[in-house]
Amino acid sequence: VSDFIGGVGAVNLPGNDDFLIWPEGDAAAPALYTLDGTGAAVARAGTGLGDSNRKIGDFCAKLTRGTTDLTLSQDLLSGTAYSRADFIEGLYACGGAWVKSSTANAARLALYDGAGYAYSSYHTGGGSWEWLAVTRQVNVAGNQLQVICQVNNTAVAAYFSGLCVMLLDSDQ
């Protein structure tokens with residue numbers, strides 16, 4: 001990674017990337033995340049819980065879609081913070097997560113920069129953990145950087161673990 005990335009460096013940008021911190025309880029959005037979608041539900045799953053699914057660390061987020069598409073998002077940079085980080089424009093936001101789903105074409109990741117989205121492929125629905133990767137070149141017209149876990153198209157549950165987003169000077 002080039003020197004021009006400055007203070008950001010090659011670090012994992014999402015906070016609470018291991019879904020460890022749930023200050024409002026195990027059935028509310030984890031710290032730093034926002035849950036959206038009519039009838040959407042989130043739950044902590046993992047070590048010592050009734051639902052012990054997990055991949056990275058002790059916990060993961062179980063997302064259940066209601067009547068509309070579900071998003072669990074985190075603002076990585078927005079507002080004033082983004083305006084002070086204009087050096088990221090043109091860089092590549094590269095991310096991924098381990099995702100588990102038993103329904104094809106329901107669970108995926110997205111990156112949003114205020115000018116547009118990039119999406120990972122959908123989980124195949126095979127019921128096992130799959131690494132889903134997403135890359136977006138940060139647009140010069142952008143005004144934020146957000147990572148989004150999605151459950152779309154049907155009322156099902158999916159698990160997300162080990163969320164990762166880094167800024168790189170190449171998409172390779």
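**Chat about a predicted model**

Me: Is cysteine 94 buried or exposed?
Reply: Cysteine 94 counts as buried, because its relative accessibility is 14% and the cut-off for buried is under 20%. Keep in mind that this is a predicted model.

Me: Which cysteine sulfur is closest to the one in cysteine 94?
Reply: The one in cysteine 164, at 9.3 Å, which is too far for a bond.

Me: And what about cysteine 149, buried or exposed?
Reply: Cysteine 149 has 2% relative accessibility, so it counts as buried. Its sulfur has the sulfur of cysteine 60 as the closest cysteine sulfur, 11 Å away, and that is too far for a bond.

Me: How many disulfides does the structure hold, then?
Reply: Zero. A pair of cysteine sulfur atoms would have to lie within 2.5 Å to count.

Me: New topic. What secondary structure is there?
Reply: One helix and ten strands. In sequence order the pattern is β-β-β-β-α-β-β-β-β-β-β.

Me: What does the radius of gyration say about the fold?
Reply: The value is 16 Å, and a compact globule of 172 residues would come out near 16 Å, so the two agree. The C-alpha trace spans about 45 × 30 × 30 Å along the principal axes.

Me: How much of the protein is buried?
Reply: 45% of the 172 residues count as buried. The exposed area is about 7,700 Å², with 47% of it supplied by carbon and sulfur atoms.

Me: What about charges, how many positive and negative side chains?
Reply: There are 9 positive and 16 negative side chains, and the centres of the two sets are 9 Å apart.

Notes
Residues are numbered from 1 along each chain as its sequence is written. This is a predicted model: local features need pLDDT of at least 70, side-chain atom pairs count only at pLDDT 80 or more; totals for chains, interfaces and linings use all residues. Side-chain values use heavy atoms; hydrogens and water are left out. Helices (H or I, at least four residues) and strands (E, at least two) are DSSP runs, numbered from the N terminus. The radius of gyration is taken over C-alpha atoms; the globule rule is 2.2 Å times the number of residues to the power 0.38. Buried means under 20% relative accessible area, exposed over 50%, partly exposed in between (1.4 Å probe, protein chains only). Accessible areas come from the Shrake-Rupley method with a 1.4 Å probe; for residues, only the protein chains shown count as cover. Lys and Arg count as positive and Asp and Glu as negative; His and the chain ends are not counted. The place of a charge is taken as NZ of Lys, CZ of Arg, CG of Asp or CD of Glu.
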